[in-house]
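This briefing concerns strand pairing and nonpolar packing in one protein chain. Please consult the sequence and the coordinates shown here alongside the notes that follow.

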Amino acid sequence: MIEQPTRRMPNLDGEEPTIRWGTATLGADSAIKLHVLGMPAPIVVYLQPAIILGRADKESATDMDVDLTLFGAADCGVSRQHAVLELLRKTVMLTDLGSTNGTFLNDQRVLPQQRRVVRDNDEIRLGKLIIHIYF
């Protein structure tokens with residue numbers, strides 16, 4: 001049997017496929033939409049300059065900007081202060097804050113205290129809670 005090198009399938013138009021990445025820069029108003037999977041409407045927030053994602057806890061007063069408790073955050077393993085979204089030189093960045101169940105960006109784990117670039121239409125997973133981000 002003769003082995004043939006693998007070829008890339010051409011596009012139906014006969015053109016090479018192009019990879020399109022979403023933008024990583026945020027516009028002037030700094031508004032982003034966080035759409036929790038299965039929920040009818042997104043959460044609209046402003047990164048001025050950062051927001052903390054997490055869940056409320058009755059026993060401790062935890063500072064956070066976006067409370068995900070109503071979206072089943074406790075059952076999904078979201079920490080009280082799970083991750084931060086920040087605007088750094090017009091680029092949206094995601095940082096895990098040492099969460100117990102991890103933060104994932106497009107199914108890749110974000111190491112604690114390590115910034116990762118977020119692009120429009122990316123998937124962020126906090127524990128098991130899936131959020132799509134749009135800007």
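**Strand pairing around β10**

L105 has I124 of β10 as its bridge partner. The model is predicted. The points below treat the pairing of β10, an open sheet, and the largest nonpolar core.

- Strand β7 (residues 103-105) pairs with β10 in the antiparallel sense, over three bridges.
- β10 is also joined to β11 by four bridges, and these two strands run antiparallel.
- I124 has I131 of β11 as its bridge partner.
- Two residues lie between the strands in the hairpin of β10 and β11, where G127 adopts a positive phi near 65 degrees.
- In a regular strand, side chains alternate between the two faces of the sheet.
- β10 shows such alternation: I124 and L126 are buried and point to one face, whereas E123 and R125 point to the other and are not buried.

**The open sheet**

- Five strands form an open sheet in the order β4-β3-β5-β6-β9, with mixed pairing.
- β4 (66-67) and β9 (115-117) are at the edges and have a single partner strand each, so one side of each lacks a neighbour in the sheet.
- Three bridges pair β9 with strand β6 (residues 91-96) in the antiparallel sense.
- M93 stands opposite V117 of β9.

**The largest nonpolar core**

- The largest nonpolar core has 25 residues, of which L34, L68 and L85 touch the most other members.
- At least two residues of this core come from each of β1 (31-36), β2 (43-46), β3 (50-54), β5 (81-88), β6, β10 (123-126) and β11 (129-134).
- Leaving aside residues up to four places away in sequence, L68 touches I43, L53, G54, R55, A73, L126, L129 and I131.

Definitions and conventions
Residues numbered from 1 in each chain as written. Predicted model: local features only at pLDDT ≥ 70, side-chain atom pairs only at ≥ 80, totals over all residues. Heavy atoms only, no water. Pairing = 2+ DSSP bridges. Core = buried A, V, L, I, M, F, W, Y, C linked by side-chain atoms within 4.5 Å. Buried < 20%, exposed > 50% of the residue type's maximum accessible area, 1.4 Å probe, protein only. Contact = heavy atoms within 4.5 Å.
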